[in-house]
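Below are some notes on the model, set out as numbered points for a colleague who has the coordinates open. They begin with one helix and widen from there.

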Amino acid sequence: MSATTSAPRAPAPKAPAPRAPQSLRPDRKKKSRIVYNAIGLLTFVVMIFPVYWLVISALRPNAEIRSYDQTLWPSSVTFDNFGRAMDYANFGTAIKSSLIICVTAVVGAMLMATVAAYAIGRFRFFGRKGFMIVLILVQLLPPTAMLIPIYLQLNDLGALNEYWGVIIIYLVSTLPFATWMIRGFVINIPRELEESAMVDGCSQMGAFWRIVFPLLAPGLAAASIYSLINAWNEYLLAYVVLQDNDKYTLNVWLANFTTSRGVDYGALMAASTLIAIPVVIFFMFIQKKMAAGLTSGAVKG
């Protein structure tokens, strides 16, 4: 018998427990995807239903619109409502007024917001952070709270019942948010591009217009659709400032369908559908740039 004893052996490792078959595992990702898709579909239905009802009501006969028995689809489709809406007084002048006011306000706001955003994003000056905070705080003020001061100021300037008075209001109201949005794109553009252009002989503003401004297209698209929707759908300020029927914008013109004898709901729905078409067309043209603008501008800043 040997004097030395052998060391005790370590216990053998336990065999791993058999795994459950892959088919028996609950696919949590698939279930969560189904839930999210259902929530998204429900949200889409809730949001699109008013638009659907607007268009369907524009295609219904007036007798069916006033009926208590409403269906999701009209029993008969008619375009008479659109004809009455377009034949209504001042329809052409309302289109002209809306186009003049909205296009001028949007283009002016985009130019001013682009220059202001470039100055805020590229230069450092006293009060810069405070100015950016003020831009956001201004957006918190409701337009109705400023209605009386705006009216008195426009009256002193002789801007009542003038296109340029409404244009100034729309331009100023959309300028802060547009400036803040475009600033995010200015920050994301490398300074080296401007410096290379200036080395080749461009001035600071020359490099801005030739190099930076074309790269701001997604931001300009996102800001312009926001400005256009605000200006195109605004009612109260245009109703207060403009006083002649031949200068009313389309939203103010819609009030003509409500009279002491009742409301022509069919023509009202048809006119509302016609008013929404220009914004939808504009959005379809710039939707790709707008989708890029809503995401890429928020990476920095």
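1. I begin with helix α10, whose 17 residues should span 24 Å at 1.5 Å a residue, and whose end C-alpha atoms are indeed 24 Å apart, so the expected and computed spans agree. Please keep in mind throughout that this is a predicted model.

2. Helix α10 is mostly covered, since twelve of its 17 residues count as buried. The buried set opens with Pro 218, Gly 219, Leu 220, Ala 221, Ala 222, Ala 223, Ser 224 and Ile 225, and it continues with Ser 227, Leu 228, Ala 231 and Trp 232.

3. Helix α9 can be checked for length in the manner used above for α10: it has twelve residues, and the distance from its first C-alpha to its last is 16 Å, close to the 16 Å expected at 1.5 Å a residue. Its buried residues are Gly 206, Ala 207, Phe 208 and Val 212, and these pack against α4, which covers residues 91–122, and against α8, which covers residues 191–199.

4. How do the axes of α9 and α10 cross? Helix α9, residues 204–215, and helix α10, residues 217–233, have axes that come within 5 Å and cross at roughly 60 degrees. The angle falls below the 65 degrees at which a pair begins to count as roughly perpendicular, and it is therefore described as oblique. On the α9 side the contact is made by Phe 213, Pro 214 and Leu 215, and on the α10 side by Ala 217, Pro 218 and Leu 220. By residue class, this contact consists of six nonpolar residues, with no polar and no charged ones.

5. Helix α4, already mentioned as a packing partner of the buried residues of α9, also holds Val 106. With a relative accessibility of 11%, Val 106 counts as buried, because the cut-off for that class is under 20%. Once its neighbours within four places in sequence are left aside, Val 106 is in contact with Ser 224, Ser 227 and Leu 228, and each of those three residues is listed among the buried residues of α10.

6. Val 103 also lies in helix α4, but this residue is partly exposed, with a relative accessible area of 45%. Both valines may be viewed against Ile 167. Val 103 and Ile 167 are 64 residues apart in sequence, with a C-alpha to C-alpha distance of 9.1 Å, while Val 106 and Ile 167 are 61 residues apart along the chain, with their C-alpha atoms separated by 8.9 Å.

7. Two asparagines deserve a look at their backbone angles. Most residues other than glycine have a negative phi. Asn 90, although not a glycine, has a positive phi of about 65 degrees; its place is in the loop between α3, residues 80–87, and α4, and with a relative accessible area of 28% it is partly exposed. Asn 161 likewise is not a glycine and has a positive phi, here of about 60 degrees. Asn 161 sits in the loop between α6, residues 147–157, and α7, residues 163–188, and with a relative accessible area of 12% this residue is buried.

8. How many disulfides does a search of the whole structure find? The search returns zero. As for two individual cysteines, Cys 102 counts as buried at 4% relative accessibility, whereas Cys 202 is partly exposed, with a relative accessible area of 24%.

9. Finally, some totals for the whole protein. It contains 13 helices and two strands, and 35% of its 301 residues count as buried. Among contacts between residues at least 6 apart in sequence, 71% join residues at least 24 apart.

Key: Residues are numbered from 1 along each chain as its sequence is written. This is a predicted model: local features need pLDDT of at least 70, side-chain atom pairs count only at pLDDT 80 or more; totals for chains, interfaces and linings use all residues. Side-chain values use heavy atoms; hydrogens and water are left out. Axes are lines fitted to C-alpha atoms, for helices over the stretch in contact, and angles run from 0 to 180 degrees between N-to-C directions. Helices (H or I, at least four residues) and strands (E, at least two) are DSSP runs, numbered from the N terminus. Angles under 35 degrees count as roughly parallel, over 145 as roughly antiparallel, 65 to 115 as roughly perpendicular and the rest as oblique. Contact means heavy atoms within 4.5 Å. Ala, Val, Leu, Ile, Met, Phe, Trp, Tyr, Cys and Pro count as nonpolar, Asp, Glu, Lys and Arg as charged, and the others, Gly among them, as polar. A disulfide is a pair of cysteine sulfur atoms within 2.5 Å. Buried means under 20% relative accessible area, exposed over 50%, partly exposed in between (1.4 Å probe, protein chains only). The expected span of a helix is 1.5 Å times one less than its number of residues.
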